[in-house]
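Reader: Hey, got a minute to walk through this model with me? I'd like to start with one of the helices.

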Amino acid sequence: MVSIIICYASFSGNTKEVAELIAQTLADLGHDAVLHRINRNTPPPDLTPYDMIMMGTFTWGKGVTPAIMKNFVADVGYKPEKIAVFGTGDTQFGGDDLFCRAVDRLAVFYESPYTVLKIEQSPRGGQEEKVRKWTKEVLQIDELINESKSAGTSKSE
Ligand SMILES: Cc1cc2nc3c(=O)[nH]c(=O)nc-3n(C[C@H](O)[C@H](O)[C@H](O)COP(=O)(O)O)c2cc1C
């Protein structure tokens, strides 16, 4: 069982829907998932007890990371090792180039070893499977990372 916290920023609810679907998928697979909606007035939760952190964001302006997300990242104050990034956007705001740009920026910032998930607006009506598939993929990548780490440890022993 993997213990995961899903921290997400959502203005109009699309990223919240994705976060909730990820949490449901993780629970269905027998994992322990905690949801945290990022809020301007609440300090970030302690991220250290979790095996993995999932971070979700929407994109603002012209490919900009929203201030609420930037502040959260600053408040966390360090770069946890295992962060998987997802988010929602809308290709009407600048096409493929700017689509979910904040997701790419966060993944680069945290040097995320996982693939990113980008959803066009709400996941409802056809993109649910994409969310479930990504969640499973992240868990598989995580297993590989853990395996290669323990192989490295036993070699040096
Ligand atoms: C003013 C404004 C600017 C936006 N700029 C972008 C953008 O550059 N790239 C993008 O992918 N989506 C952009 N969007 C779309 C939002 O990211 C998208 O609607 C997202 O799903 C909102 O997430 P939320 O419902 O969780 O708040 C923009 C939306 C607004 C209102």
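Reader: So what covers the buried residues of α4?

Author: This is a predicted model, and in it the cover over the buried residues of α4 includes β3, β4 and β5, along with the helices α2 and α3. α2 spans 67-76 and α3 spans 95-98.

Reader: Which residues of α4 are the buried ones?

Author: They are R101, A102, V103, R105, L106 and A107.

Reader: And what comes right after α4?

Author: α4 is followed by E111, which has a positive phi, near 50°.

Reader: OK, switching to the sheet. What's the strand order?

Author: There are five strands in an open sheet, ordered β2-β1-β3-β4-β5, and the pairing is parallel. β2 (32-37) and β5 (117-120) each have a single partner strand, so they stand at the edges with one side left without a neighbour in the sheet.

Reader: How much are neighbouring strands turned against each other?

Author: By 15° on average, with direction ignored.

Reader: Where does α4 sit on that sheet?

Author: α4, residues 101-109, packs on the sheet and touches β3 (52-58), β4 and β5. The direction of α4 makes about 170° with that of β4.

Reader: Back to the other end of the order. How many bridges join β1 to β2?

Author: Six, and the two strands run parallel. For example, I5 has V34 as its bridge partner in β2, and C7 has H36.

Reader: Is β1 mostly covered or mostly open?

Author: Mostly covered: of the six residues in β1, five are buried.

Reader: Now the ligand. Which residues come nearest?

Author: F11, N14, T15, F58 and G89 come nearest, out of 23 residues around the ligand.

Reader: Which element gives the most to that shell?

Author: α1 does, with three residues. α1 covers 14-28, and both α1 and β4 (83-89) supply at least two residues of the shell.

Reader: What's the shell like by class?

Author: Twelve polar residues, seven nonpolar and four charged.

Reader: Last one. What does UniProt place at residues 4-139?

Author: The UniProt record, an unreviewed entry, has the feature "domain: Flavodoxin-like" there. Over residues 4-139 the chain is 37% helix and 21% strand, and the end C-alpha atoms of that stretch are 10 Å apart.

Note on methods: Residues numbered from 1 in each chain as written. Predicted model: local features only at pLDDT ≥ 70, side-chain atom pairs only at ≥ 80, totals over all residues. Near = placed C-beta within 6 Å. Helix = DSSP H or I, 4+ residues; strand = E, 2+ residues; numbered from the N terminus. Nonpolar A, V, L, I, M, F, W, Y, C, P; charged D, E, K, R; others polar. Pairing = 2+ DSSP bridges. Axes fitted to C-alpha atoms, helices over the stretch in contact; angles between N-to-C directions. Contact = placed C-beta atoms within 7 Å. Buried ≥ 20, exposed ≤ 12 C-beta atoms within 10 Å, placed from the backbone. UniProt positions renumbered as here; feature names shortened; annotations may be inferred.
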